[in-house]
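Biologist: Before we turn to any details, could you take me through how to read a fold, beginning with its contacts and ending with its core?

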Amino acid sequence: PPTFSETSKDFKVQKGSELIIAQKLGLDEELADAFFMKLNGNFYIKVAGLQYMAGKIGYQNIKVTDHYDEKMKMWVAEAEIYPKITPKTIEAISKLIPDLQRDAFEALRQPTNGIGTASERNVNNSKMYPLLKEMAQTRAIGRALTSYTGYGAASYEEMPDGKIQKD
């Protein structure tokens, strides 16, 4: 059976493990297949799963900017996730002394950033070459989301091409 260690937060991937991972991350089990991909025998969360997790935490918006680096011959994108500031948070901040109020509010307004790149050197699937800009954007969003959610591992979209396994 799939195993999950409560103390170490490590898991051994076996058939059905995506359900346990989804459960431990607070994801709906019915969505596990949509949120995880098995690649080279390991499960990786997809950006869609990370965005679902971020939505449960709450965020205001995700801003993505990109440009083509002519010298490096690659697309570079940056994603910024702006946290949702709730009335409950504002109420808590209002109870602080004025100097701390300003600092707390400024800290809460800071986005979580992620950078993503895509080029023919770091995307192995030649069918994706016309979509390098979008790949850079997706990677940037994925990296920002892993930081924002505290997931702490790479998303599926960041992985180099490998053998995708369907059980």
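Modeller: Keep in mind that this is a predicted model. A good place to begin is sequence separation: among the contacts in the protein chain with a separation of 6 or more, 55% are between residues 24 or more positions apart.

Biologist: Which pattern does the protein chain follow when read along the sequence?

Modeller: The order of elements is β-β-α-α-β-β-α-β-β-α-α-β-α, and the chain has six helices and seven strands.

Biologist: How should I read a pair of strands, and how many bridges join β5 to β6?

Modeller: In a regular strand the side chains alternate between the two faces of the sheet. Here, strand β5 (residues 59-69) and strand β6 (residues 74-83) run antiparallel and are joined by ten bridges, with V64 standing opposite A79 in β6. The two strands form a hairpin with four residues between them, and in the turn K73 has a positive phi of about 55°.

Biologist: Which residues have the most contacts inside the largest nonpolar core?

Modeller: Burial comes before the core, since a core residue has to be buried, meaning under 20% relative accessible area; of the 167 residues of the protein chain, 31% meet that criterion. The largest nonpolar core has 26 residues, and those with the most contacts inside it are L27, F36, I45, A118, L145 and Y151. Two or more residues each are given to this core by α1 (17-24), α2 (32-35), β4 (42-45), α3 (47-57), β6 and α6 (132-149), and the largest share, eight residues, comes from α6.

Biologist: And what supplies 53% of the area that the protein chain exposes?

Modeller: Carbon and sulfur atoms supply that share of an exposed area of about 10,300 Å².

Notes
Residues numbered from 1 in each chain as written. Predicted model: local features only at pLDDT ≥ 70, side-chain atom pairs only at ≥ 80, totals over all residues. Heavy atoms only, no water. Pairing = 2+ DSSP bridges. Core = buried A, V, L, I, M, F, W, Y, C linked by side-chain atoms within 4.5 Å. Buried < 20%, exposed > 50% of the residue type's maximum accessible area, 1.4 Å probe, protein only. Contact = heavy atoms within 4.5 Å. Areas by Shrake-Rupley, 256 points an atom, 1.4 Å probe, with all protein chains shown as cover.
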